Amino acid sequence: MHCRIAPQPPGELPFFPTPYPGESFYSILCRYHVRSGNASDAATIKQLFGYQSSLAPTLVNPFHLEMASAWLPHSSGITQESLLRLNTAYHLTKLTSYYELNDISDPSWIFRHNLQNNVLHQSRFLRYCPHCAEEQMRVYGEAYWQLLPQIDEVEYCPVHSTRLCNSGIPVSKIKSSFQPASTVLSNPALRHAQVEADPQVEFVYEREKDFFIRVARNVSWLLEYGYRFTCIQDLVKAYKRHKVAEGNGYWLTIKDLDRAFSKVSGSSLLFRYFEWRNQYSCHNYDEGHYLISTINPCSHVMIMTALCGDAKTFYESRPSDMGIRIVSNL
Amino acid sequence: METRIHDAIYREETINEFVFNPMIEALPPPFKPAVAVDKLMRRPSYSSEERKEPSEIRLILTQRIITIHQPMVWEIDVLSRIDRCIRWGYVGRNPLLSSYACQLAAGHDAAVNGLDLDHAGVYHPNTYGFSILGISGIGKSSTIEGILSLYPQVIRHTEYNGLPLNMHQITWLKLDCPCDGSLKGLCLDFFHTIDDLIGTSYCTQYSKNATLDRMMIAMSQLCTTHNVGLLVVDEIQHLCTAPKGIPEKVLNFLVTLVNTIGVPVVTIGTPKAISMMQTEFQQAKRGSGQGDALLSRMSNDAHWDFFCKVIWDFQYTQQEVPYTQKMRNALYEDAQGIPFLAVHIYKLVQEDAILTERETFTVKDLHRIASEKMGLTKPMREAMKAGKEVDLRQFVDIASFSCKDYSDNYSIAAEAASPAPAPERKQSVQEAAIMTLLGLGLSYTEAQTFACMAIAADNSGCPAPTVVARNAWQLYQEHPQAPQENTGSISGLLGYEAIREAGLVDNAL
C-alpha cells in the first residue's frame with residue numbers, strides 16, 4: 001500500500017490551541033489556522049503536515065495524529081493518545097474493527113482498517129447544536145465543531161435534547177480549507193444548509209425523538225469509554241450474552257432486530273428506518289455474524305439502544321445481572 | 001541581543017487583576033529601584049594595578065571606558081513605566097479568558113472578509129504606552145535595550161495549573177521604523193523579527209503578493225496569538241522624511257494596535273518627531289497616565305558629578321589624576337551634558353596622555369583633546385553652549401556614531417529653546433545696481449530711476465545686479481534725461497508690486 005511521505009516533516013509548532021471538551025480534531029486545526037495569522041489555508045496545511053493533505057478525514061477520524069509528536073513538546077499535556085481518545089471517533093469506529101490500532105505513527109493503518117467516513121453523518125454537512133454553540137460563545141469566547149454531532153445517527157443533542165442542525169458547509173468543502181465554527185456560525189448565510197431535509201426521515205426523527213436522544217447519549221458514552229473494549233470481539237461477546245440471556249439462539253438475525261425495534265417504538269417505523277439505512281447488509285446477510293460485521297458502528301448503537309436502552313448495560317451486564325438462568329452452554 | 005526561549009515558571013501574584021493570568025505570572029517580579037540600578041549598571045572590571053601595564057596594553061584597556069553605563073534617574077522611571085505597560089497590557093489579554101478567543105476570531109473574520117483593522121479587535125486597552133524622545137547620543141536606545149533585557153523576551157508555555165497551554169509569549173518586540181517611514185517595511189520587519197524569535201515563516205508568506213491591509217491585520221493577529229507584551233518602535237523620527245500621508249498612516253496603525261488589539265506601544269525618537277506625534281498620538285495617550293519621557297542633556301549638577309566620579313575611577317595613566325570640581329566643569333563644558341561625549345573625551349585624553357608619555361592630563365588637556373580629537377563636534381558643542389542656532393547638517397561624521405540626525409534634531413531643539421535671530425538684511429538688486437551706476441558717475445536720482453526702469457523692463461523675473469546696472473546704463477545712454485522725480489511714477493510702472501514683494505526694489509521708495 002502506497003503511503004505518502006511528507007516532503008518536509010513538520011517541526012514543533014509555535015502554539016497549539018487547547019482542545020475544548022468534545023471537540024473534533026478538525027476543529028482544533030481550524031482554531032490553529034485562526035490563530036496562525038497565515039495568509040492562506042494552504043500555508044497552514046503545509047505548516048501542519050508538510051504537504052498539501054486533505055483535511056476532511058480529520059473531522060472524525062484520527063488522520064495525521066502521528067504529527068502531534070512533532071508539533072508538541074512532551075510536557076505539553078496534549079499527546080497523540082489524548083487526541084485519539086478525546087477528539088476523534090476512533091473508539092467508536094473500532095467497535096466493528098478486527099484490529100486494534102497499535103502504532104499511531106504508522107499512517108497506513110487507516111487504509112488497512114477502511115475507517116474513512118464510516119461513522120460520518122449521512123448528511124455530509126458540518127453539524128452543530130445551536131444551544132451548545134451559544135454556551136461555547138459564552139464560556140470560551142468562540143464556537144467550535146463538536147465531534148458528536150458529526151457522527152451518524154446522532155440527530156439530537158444529548159445535553160439539550162434539541163435537534164442538531166446542518167451548517168451551510170458540506171464536508172466536501174473542508175478537504176482543502178479551514179471552516180472554523182467561529183466564522184461559519186457567525187455568518188447567517190452559512191448557519192443553515194440550503195438543502196431540504198427528507199420529510200419522511202424527519203418524521204422518523206420527530207416521532208422517535210426519545211429513542212434518538214438515547215442513541216446520541218450512547219454514542220457519547222462510547223466515544224468516552226469505548227477505549228475499554230477490544231474491537232469486534234467484545235461486541236460479539238456482548239451480543240452473545242444478550243442472545244444467551246434472551247435464550248433465542250446464537251446469532252443476531254433480522255427477526256431479532258425487528259422484534260427489538262418494534263418493542264421500543266411500538267411500531268415497525270424504527271425497524272424500517274434501520275433497514276433503509278442498512279439496505280446492503282439487511283438484504284445480503286448470512287446469519288448473525290455477517291450482519292454484525294457489515295453494519296456500521298452507529299447502527300450497532302441503535303441496536304444496543306433498542307436491546308438494552310444504553311450501551312453501558314449492553315456491554316457490561318452479565319446474564320446473572322439480568323436475573324436469567326443460562327439454559328445452554330455456548 | 002541574544003534571544004533565548006525561557007520555559008514558563010509561574011509566580012504567585014498578589015494583585016487581584018494579575019491573578020490567574022499566566023502571561024503575568026510568568027514575568028519576573030517587579031524590580032525594586034536598587035535592584036534595577038544594579039541590573040542596568042555596567043561596570044567593566046578594573047584594577048589600579050593595571051596602571052603598571054605597558055603603554056600598548058593600557059591603550060587597549062582604555063576601550064573599557066566606553067562600556068560603562070551608569071543608570072540615571074530617568075532610566076529607573078522609564079523602567080517603571082515599561083513594567084506597568086507590560087503587566088497591565090496583559091490584563092485584558094489573558095488567554096484563559098473568553099475575550100482572548102473572541103479577539104482572535106474577530107481578527108480572522110476581518111482578514112477573511114477584507115475588513116479593516118478597526119474590526120479586528122474587541123479589547124478595551126488598560127494601558128496605552130508612551131513616547132521617549134531625546135537627542136541622539138543621550139542614551140535612549142541603549143537604555144531601552146538594557147531595560148528590555150531584564151525581561152525574558154520569549155517565554156514558552158506548555159501547561160498552566162494542569163491545563164494544557166501551548167503558546168509562546170513574546171514579552172517585548174523592538175522594531176526600527178524604516179528609513180522611508182513605510183508601513184509595509186514596518187510590517188515586514190515585524191514578521192522577520194517574529195520569524196527569528198520563534199522559527200516561523202511569516203516573512204516568506206507576506207513578502208509576496210500580500211496587500212498592506214492584509215499584512216496589518218496579520219500583524220495585529222500575531223500580536224495576540226504570540227502574546228506580544230510591548231511593541232517598541234525606535235527611530236520614529238524617520239517618519240518625518242516620509243512622503244505626505246505616510247506618517248499619519250503609520251501612527252494611526254500604531255494607535256489602532258493600542259486601542260483595538262490592546263498592545264502597548266512605546267515609540268522612541270528624537271525631538272524631530274515631537275510635532276508629528278502630538279497630533280496623532282494625542283487621543284491615544286489621553287488618560288494613559290504614563291506621560292511621555294522627554295530626555296534632554298544633563299545639567300551640571302549632582303547627577304553629573306556622580307556620573308563623572310564613576311567614569312573617573314577608570315584611569316589608566318600611570319599617574320593618578322585627581323577628580324576636582326574644575327575637571328568636572330571642564331568635562332561638562334566639553335561634553336555639554338551628553339554622557340556619550342563625556343566618556344569619549346575622557347577616554348581620548350587618557351590615550352593622548354599615554355601616547356605622549358606624559359601619563360597625566362589637566363583641564364587644558366581636556367579642552368585641547370575635545371577641540372583636536374572631536375573637532376567636528378566643536379561648532380555643535382559651542383552652539384549648545386551658546387544656545388545659538390547653527391546649521392549642523394554638515395557635521396555628518398562625528399566620532400564613532402552617526403551624528404547627521406543628531407545635528408538635524410539638535411537644530412530643531414535649539415529652535416524650540418531660543419528663537420532664531422532675525423536674518424541679516426541682504427542688499428537688494430536695486431541697491432547693488434545703484435551702487436554700480438553711482439560708480440559710473442550718475443547721480444543718485446538718475447541711478448535710482450534708470451535702475452527701476454531696467455528692472456521693470458527685465459523679463460527674467462530675477463535679474464542679477466550687474467545685468468540691471470548694464471541695462472540701466474544703456475537706457476541712460478539712450479535717454480540721458482531722467483524722467484521727472486515722482487514717487488508715484490515708480491508705483492505706476494507695470495508689475496511694481498510684484499517687484500517690490502520679490503525684494504528687487506527697496507521698500508523705502
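I will go through the contact between chain A and chain B and then the two sheets of chain B, in a model that is predicted.

On conventions, local features need pLDDT of at least 70 and side-chain atom pairs count only at pLDDT 80 or more, while totals for chains, interfaces and linings use all residues. Side-chain values use heavy atoms, with hydrogens and water left out, residues are numbered from 1 along each chain as its sequence is written, and chains are lettered from A, with ligands numbered from 1, in the order in which they are written.

Let me begin with the interface. Chain A brings 30 residues to the contact and chain B brings 27 residues, where contact means heavy atoms within 4.5 Å. Between them the two chains bury about 2100 Å², 52% of it on carbon and sulfur atoms; buried area here is the accessible area, taken with a 1.4 Å probe, that two parts lose on being put together, summed over both. In chain A, the residues that lose the most area to chain B are A:P14, A:V34 and A:R35, together 24% of what that side buries.

Which residue forms a salt bridge with B:R156? That residue is A:E12, with the closest N and O atoms 3.5 Å apart, and the count between the two chains is one salt bridge, defined as a side-chain nitrogen of Lys or Arg within 4 Å of a carboxyl oxygen of Asp or Glu.

Turning to chain B itself, I take strands as DSSP runs of E, at least two residues long, numbered from the N terminus, and I call two strands paired if DSSP finds at least two bridges between them. One open sheet has five strands in the order β5-β6-β7-β2-β8, with parallel pairing. Because β5 (173-176) and β8 (293-295) stand at the edges with a single partner strand each, one side of each is left without a neighbour in the sheet. Within this sheet, β2 (residues 129-134) pairs with β8(B) in the parallel sense over three bridges, and B:L133 has B:L294 in β8(B) as its bridge partner.

The other open sheet that I want to show has three strands, ordered β1-β3-β4 in chain B, and its pairing is mixed. Its edge strands are β1 (5-7) and β4 (163-170), each pairing on one side only. Strand β1(B) runs parallel to β3 (residues 154-160) of chain B, the two being joined by three bridges, and the partner of B:H6 in β3(B) is B:I155.

Technical notes. Helix = DSSP H or I, 4+ residues; strand = E, 2+ residues; numbered from the N terminus.
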